[in-house]
Amino acid sequence: MEKAKISPGQLFILILLFDMGTAILRVMAMSAGKDAWLAILLGTAGGLAIFWIYVSLYRLYPELPLTGYIRAILGKGLGWPLGLLYILFFIHGGARDLREGGDLLISSVMEQTPIIVVNAVMVLSIVYVLNKGIEVVARTAQIFIMTIAILGFLSIFLLLFAGVIDISRLLPVMGNGLGPVIQTTLKQTIEFPHEEVICFAMLLPYLNNREKGIRAGFAAVLTSGLLLSFSTALNIAVLGIDIAGRSTFPLLSTIRLINIGEIIQRLDVFVVLTLIVGDFFKVAIFFYAAVLAAADLFRIKDYRQLVLPIGIIILFVSMMISSSFIEQIEEGDVLLVTVFLWFGVLIPIFLLAAAGVRKWFGSRP
Amino acid sequence: MFFKPFVRAIKKRKKKEIVHELGFHEDDQPLEQDLNRTVERIKQELGNSPDVIIRTFRMDIRPHQRVAVIYMEGLTDIEKVNDFVAHSLLFKQNEKENENESSMSSDPQRIFDVILNRALTVGDAKYLNNWNVMMHALLSGDIAVFVDNCEGCIIGNLRGGERRPVTEPETEVNIRGPKDSFNETIGTNISLIRRRLKSPNLWMESMRIGDITQTDVSIMYLKGIAEDRLVEEVRRRLKDIRIDAILESGYVEDLIQDQTFTPFPLVYNTERPDVVAGNLLEGRIAVLVDGTPNTLILPTTFSQFFKAAEDYYQRVEFTVFMRLIRYFGFFVVMLLPSMYIAVTTHHHEMIPTPLAINLLAQREGVPFPVFFEAFLMEAAFELMREAGTRMPRAVGQAVSTVGAIVLGQAAVEAGIVTAMMVIVVSFTGIASFTMPGFTLTTSARLIRFPMMIAASTFGFYGIFMCTILLVAHLTSLRSFGIPYLSPFAPFGFKHQKDAVLRAPYKTPATRPGLTGGRQEISNQKDGVPSSDQNDQTSEGVKHDT
């Protein structure tokens, strides 16, 4: 563990960037049709519940990261292998997001660049930043969240002035009843992106102010849910459900429609910046969680030794994980309710239950 | 980091290299009693240099007593020396009172008291009995008075000689505000600051650094406003310096900065006394080095380089506007050429169609890729700038004419570069002159080239990755423990009042988070805090009535 500390505000920003990192670029919950935004809102409630699980575990073991309290709860024999699985989970998660970011970049702005080069540049940059520690990651996030916030507000205003937003595309609300919405919520929006916040179970011990930090965490999950819902609604209102559903990169298509008097147009850079920054922090957090978990399990004092090796693993896993972007997306939907569900929700619930039982027995004479 | 072993190796070598044979030793070696031997020894130690002036004579009051005055020619004020010798030492017998004469002849040591207490026309004179300190004083321009068969000597401060007068600042120009600047004499520089801060809390410490040069270095701070821990840290780092020579404050800057390998300046330097005074009031520490007008200010943050002295004298609206322009200028210097490369080589779809057609038409005859074209022009611009700085003044006209015509017009007409590229490069060049902290401009100019390479290989992706790395690097930097990017990251809402924006003086202000407890600041930033002054004057009035 480093000695660094992160403030509640920095945690808020990191979770916000992490949650929206790759999610804001795509239209989620398309199976709910026009009510995707509603499904995301409902999913946020689930996300808060999931975050509550992590927070409860954190309150029980405020000094320990995830891999630490797994061993404390389940014992070394069971906890250590499970911790090892978590390392693989983090590496896999990071690799998936790395691949997704690379694919989106290539399909949108750099058609002729090999994906391994794009991913390698990303991984090497993250290696450099992680070497400098979590404080540097958090402060860098502070700078970039300001940039993205400014670009976001600007984009919304420009979309308004461009007159491309048509609210009627969102109507009727719940035209097919509540059924599809609930189904999508359960299958997709609760899980993504909120399950992945499990990475922060590795980071919470760094908080310098526990109670404020926990509140900031909840606020971040809620805010990111609202923003995702808003951006999805915006995409559908601008593009219509057909195009938004089919597009691989709807946010880019939306922004490309801005054209005010032939002067303010082609603002693709805004989206590319959002994509790169979001992807950077998302992969960085997964990566960092993997490094911390490995350092904790293998008792390595200076986690920096592990950054480059794990970075190379993430790079190659990202190349092997699927053969195309379509396959990647297809896999994603399956993984969401299997691997991610297990590692993000079910195991933490089990851990919480086990810890509760342990405490109950422990407190009795 | 990768560099650490390397840095350590350099430091080790430096330490070994310093051989103390050349330097002055700080041991307590008393002076010779015998005048002839003293004179001989001084002559021998200074290698019989002709600029050592030794005047031996007998005093009127005690004819058999020999006295010597020794000083360095050119370092002392000759008129004052003559005055001193004539009035203090060669004074007439009849001007003396008789009682003194009798006591003096009985005790040769008493002659010191006479010279020191009654006769000396020098403001600053002291008794000394240490050979090395005496030699240092002599070489600093003091005069030494020796009396035969007496212990010790008298050191008189008659420093003078040729020095540059206080002139208008040449590098930090502004329209409104004081027009004086530091010169090469540390005493003058200190007085320029003291004149602005008439507070007993303005404290100063001096030390000598450099085994051979024995350069005077002073730390200046406002007691109670500057944090003690910070002062202690600066003092410690200055004391740790082991080097032969300090010829400019750049040496000190290099030796006390937190990190050696970074393109960003971690110590601010200025030649304006008003800037130093303003920074002292914010709790910063000034390090003055003899022999240079550039005074160091620490700790330094990134935003400091965008603040001109004038910002505090002009209207708030104007200041904020100018600061925004400067930040914009910084990004232009760093990013504009690479943005142009990225758009023209990778992202044609981002250029509006009419402009794209125009650009394509221009590029038709140009034989180079955009990156090479940009690189060529930027390199040419850097060459011209360097030539402009180094060349003798007389040929200035020729260089600028050739530069403008050949590199601008002729290159475009010959079809080597596009007119658009010339516009981009000259815009970048102009933007690089907007920053008041010149040292940060050089960082942006350096970073521009890697950015251009990144842009030509990866387009916007390369630029943004470089920017992320750059921001990460900036956030990891610290200057004397203060995060370099504060108050942006870590973000301090209270401290935004003097970062990009500048709040009017009427709003309650705070110091920029460097000081420990005392965050409140009275409403005026530069000059003496107003509340203190008012209190004093009102009290004074009460006493009078």
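Student: How many residues of chain B are in contact with chain A, and how many of chain A are on the other side?

Tutor: Chain A puts in 30 residues, and chain B puts in 27. Keep in mind that this is a predicted model. Those residues count as contacts because they have heavy atoms within 4.5 Å of the partner chain.

Student: What area is buried between chain B and chain A, and what share of that comes from carbon and sulfur atoms?

Tutor: About 2,700 Å², with carbon and sulfur atoms giving 74% of that. Helix α17 (residues 460-476) of chain B supplies twelve residues, the largest share of the side of chain B that touches chain A.

Student: How many salt bridges does the rule find across the interface of chain B and chain A?

Tutor: Zero. There are nine residue pairs in polar contact across that interface, though, with both partners at pLDDT 80 or more. Over all chains, the structure holds 29 salt bridges.

Student: Let's look at one, then. Why is the pair Glu45(B) and Arg41(B) called a salt bridge?

Tutor: Their side chains come to 3.5 Å, N to O. The cut-off for an Arg nitrogen and a Glu carboxyl oxygen is 4 Å, so the pair passes. Both sit in helix α2 (residues 35-45) of chain B, and being four residues apart puts about one helical turn between them.

Student: What makes Arg41(B) buried or exposed?

Tutor: Arg41(B) has a relative accessible area of 16%, and buried means under 20%, so buried it is. Glu45(B), at 41%, falls between 20% and 50%, so that one is partly exposed.

Student: What about Glu233(B) and Arg237(B): how do you know that they form a salt bridge?

Tutor: Their closest N and O atoms are 2.8 Å apart, and the limit is 4 Å, so the pair counts. Here too the spacing is four residues, in helix α8 (residues 228-239) of chain B, or about one helical turn. Glu233(B) is partly exposed at 22% relative accessibility, while Arg237(B) is buried at 16%.

Student: Which parts of chain B does the pair Asp258(B) and Arg237(B) tie together?

Tutor: Asp258(B) lies in the loop between α9 (249-256) and β8 (268-270), whereas Arg237(B) is in helix α8, so the bridge links parts 21 residues apart in sequence. The side chains of Asp258(B) and Arg237(B) meet at 3.1 Å, N to O. Shared partners join Glu233(B), Arg236(B), Arg237(B), Asp240(B) and Asp258(B) into one network of salt bridges.

Student: What makes Arg272(B) buried or exposed?

Tutor: Arg272(B) shows 2% relative accessibility, and the buried class is anything under 20%, so Arg272(B) is buried. You'll find Arg272(B) in the loop between β8 and α10 (273-281) of chain B.

Student: And what does the side chain of Arg272(B) make a polar contact with?

Tutor: The side chain of Asn174(B), at 3.4 Å. That pair makes the grade because the cut-off is 3.5 Å. In addition, the backbone oxygen of Pro178(B) lies 2.7 Å from a polar atom of the Arg272(B) side chain.

Student: Back to chain A. Which residues make the nonpolar surface patch of about 580 Å²?

Tutor: Leu42(A), Leu171(A), Val173(A), Met174(A), Leu178(A), Ile182(A) and Leu186(A). Take Val173(A), in the loop between α6 (134-162) and α7 (179-189) of chain A. Val173(A) has 40% relative accessibility, and patch members need over 30%, so Val173(A) passes that cut-off.

Notes: Residues are numbered from 1 along each chain as its sequence is written. Chains are lettered from A and ligands numbered from 1 in the order in which they are written. This is a predicted model: local features need pLDDT of at least 70, side-chain atom pairs count only at pLDDT 80 or more; totals for chains, interfaces and linings use all residues. Side-chain values use heavy atoms; hydrogens and water are left out. Patches are made of residues with over 30% relative accessible area and no salt bridge: like charges are joined within 9 Å, nonpolar side chains (Val, Leu, Ile, Met, Phe, Trp, Tyr) within 5 Å. Accessible areas come from the Shrake-Rupley method with a 1.4 Å probe; for residues, only the protein chains shown count as cover. Helices (H or I, at least four residues) and strands (E, at least two) are DSSP runs, numbered from the N terminus. Buried means under 20% relative accessible area, exposed over 50%, partly exposed in between (1.4 Å probe, protein chains only). Buried area is the accessible area (1.4 Å probe) that two parts lose on being put together, summed over both. A polar contact is a pair of N or O atoms within 3.5 Å; within protein, one must be able to donate a hydrogen and the other to accept it, and residues adjacent in sequence count only if both atoms are side-chain atoms.
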